[in-house]
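Let's take a walk through this protein together, one helix at a time. Have the structure open beside you and follow along.

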Amino acid sequence: MKIRWRLALASALAAAISVIVAVIAAYLITCRRVESALGSYDAWPDRPPTGALAALGDVDDLGWPFLAAALGGLVLSGGLGWIAAYTGLRPVGTLKDAAERVATTRDLTTRIKVGKDDELGSLARSFNTMLDALERSARAQKRLVADASHELRTPLTALRTNVELLIRGGLTPEDRDEISKSVTAGLEELTVLISDVVELARDEEPAALVEDVRIDEVIAREVARASAHWPSASYRVSVQPAVVRGVSDRLSRAVANLLDNAGKYSPPGSAVEVRQVGGVVTVRDHGAGIAPEDLPHVFDRFYRAPDARSRPGSGLGLAIVRQVVDSHRGSVSASVAPGGGTLVRLDLPLHRADLPVRVPGIPLREGVQAP
């Protein structure tokens with residue numbers, strides 16, 4: 001049975017019971033007051049009733065008026081209850097129709113018009129908010145798939161061509177070595193690209209993996225790795241003990257991408273300055289910098305500035321940084337550093353800062369400084 005019919009029946013029964021109780025009470029009260037005012041007929045059996053008592057004696061059936069009143073109250077209250085239930089539940093029906101339309105057509109642009117500021121209006125707004133989130137997620141997923149398929153075609157085509165040349169044979173040892181190295185480099189590029197795409201396809205951080213993370217230790221550990229990977233750059237580090245809430249591996253990936261990006265674009269012998277105070281991490285390089293027109297797009301997926309397209313990479317490093325920071329309720333920005341180069345600022349919500357100064361168990365290589 002539909003809710004509106006159940007509400008109508010419940011209101012009708014409640015009204016009928018109220019009417020019956022009221023009628024019976026009125027009947028009993030009326031009878032007692034008449035008897036009290038005029039006396040009892042049984043007290044004078046030898047006298048026939050006269051006046052008001054004679055008129056009341058002619059009334060020998062009072063049941064049907066009370067029954068008619070009860071039935072009328074039942075019908076009236078049921079009708080009014082149905083109207084009230086239909087009016088009150090009409091937004092719920094609209095919400096149901098919208099949900100069925102989305103499920104059938106997969107059209108996430110459907111929205112419900114909110115006309116009232118009550119509980120049902122709040123439910124409609126929540127439904128619209130949910131559809132907004134789903135629409136953004138679907139658009140991002142489609143864009144990621146389209147961009148990834150486009151970016152995968154080039155290395156796959158190059159790999160296929162080189163492998164076909166190796167299978168065909170007839171190459172000199174020098175050409176065979178060169179093609180083999182090209183195949184290896186292409187496989188490494190594909191591995192990195194697929195790993196980055198999988199990283200971007202992740203959603204919110206699993207609650208079970210969220211923990212207290214020493215961001216200063218993460219920075220020191222990743223600087224030690226980056227200084228070995230980019231020996232031509234000198235990493236200068238200044239960190240302070242601080243704890244943020246998050247997933248350690250994901251935060252390490254974000255910091256590593258920032259350090260690798262700075263090391264890749266730093267001239268040989270130049271310094272990469274890494275500073276952390278509380279939940280704020282800044283990485284500054286002394287490279288050519290980013291053109292002002294490219295700054296708004298550096299965190300977009302697969303975006304690469306024109307002067308960076310000749311360098312290795314997929315254009316996903318900074319996009320991963322932004323996704324990690326967003327999932328940790330933080331923010332990230334890039335700007336032109338004073339005197340040249342690029343300054344990237346990563347801001348994470350601070351959880352704790354009252355910690356010992358020592359950073360234990362983090363070996364720092366040559367060129368790395370820590371307090």
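Helices here are DSSP runs of H or I with at least four residues, and they are numbered from the N terminus. Keep in mind that this is a predicted model. With that in hand, we can place L95 in helix α3, which covers residues 63-105. Is L95 buried or exposed? Buried means under 20% relative accessible area, so L95, at 15% relative accessibility, counts as buried. If you now look from L95 to R111, you will find the two 16 residues apart in sequence, with their C-alpha atoms 9.4 Å apart in space.

Let's step back to helix α1, residues 3-38, where I24 lies. Together with I20 and L28, I24 makes a nonpolar patch of about 270 Å² on the surface. I24 has a relative accessible area of 46%, so I24 is classed as partly exposed. For a patch of another character, turn to helix α5, residues 173-200, which holds D177. Which residues join D177 in a patch of negative charge on the surface? They are E174, D175 and E178. D177 comes out at 47% relative accessibility and therefore counts as partly exposed.

Next comes a region with several salt bridges. The count for the model is eight salt bridges, and a few of them are worth visiting in turn. Start with D212 and R245, whose side chains meet with an N to O distance of 2.9 Å. This pair links distant parts of the chain, since D212 sits in strand β1 (residues 211-214) and R245 in strand β3 (residues 243-246), 33 residues apart. How covered are the two partners? D212 is partly exposed, with a relative accessible area of 38%, and R245 is partly exposed too, at 40%.

Now move to R214, whose side chain forms a salt bridge with that of D216 at 2.8 Å, N to O. Here the partners are both covered: D216 is buried, with a relative accessible area of 0%, and R214 counts as buried at 18% relative accessibility. The story does not stop with a pair, for R214, D216 and E217 are linked in a network of salt bridges.

Following the chain brings us into helix α6, residues 215-229. This helix has 15 residues and reaches 21 Å from its first C-alpha to its last, close to the 21 Å expected at 1.5 Å a residue. How many of the residues of α6 are buried? Eleven of the 15 are, and the helix is mostly covered. Among these buried residues are I215, V218, I219, A220, V223, A224 and A226, along with the charged D216, E217 and E222.

E222 deserves another look, as E222 forms a salt bridge with R225, the closest N and O atoms being 2.9 Å apart. Why can these two meet within one helix? An α-helix has 3.6 residues a turn, so residues three or four places apart point the same way. R225 and E222 are three residues apart in helix α6, so about one helical turn separates them. The two partners differ in their cover: E222 counts as buried at 9% relative accessibility, whereas R225 counts as partly exposed at 32%.

Helix α7, residues 248-264, is another helix to trace from end to end. It has 17 residues and reaches 24 Å from its first C-alpha to its last, close to the 24 Å expected at 1.5 Å a residue. Because 13 of its 17 residues are buried, α7 is largely enclosed by the rest of the structure.

Our last stop is helix α8, which is mostly covered, with eight of its eleven residues buried. The buried residues of α8 include L318, A319, I320 and V321, as well as Q323 and S327. What follows α8? There you meet R329, which lies in the loop between α8 (317-327) and β6 (331-336). The phi of R329 is near 60°, a positive value in a residue other than glycine. R329 counts as exposed at 59% relative accessibility, whereas α8 just before it is mostly covered.

Terms used
Residues numbered from 1 in each chain as written. Predicted model: local features only at pLDDT ≥ 70, side-chain atom pairs only at ≥ 80, totals over all residues. Heavy atoms only, no water. Patch = residues over 30% accessible without salt bridge, like charges linked within 9 Å, V, L, I, M, F, W, Y side chains within 5 Å. Areas by Shrake-Rupley, 256 points an atom, 1.4 Å probe, with all protein chains shown as cover. Salt bridge = Lys/Arg side-chain N within 4 Å of Asp/Glu carboxyl O. Lys, Arg positive; Asp, Glu negative; His and termini not counted. Charge placed at Lys NZ, Arg CZ, Asp CG, Glu CD. Helix = DSSP H or I, 4+ residues; strand = E, 2+ residues; numbered from the N terminus. Buried < 20%, exposed > 50% of the residue type's maximum accessible area, 1.4 Å probe, protein only. Expected span 1.5 Å × (residues − 1).
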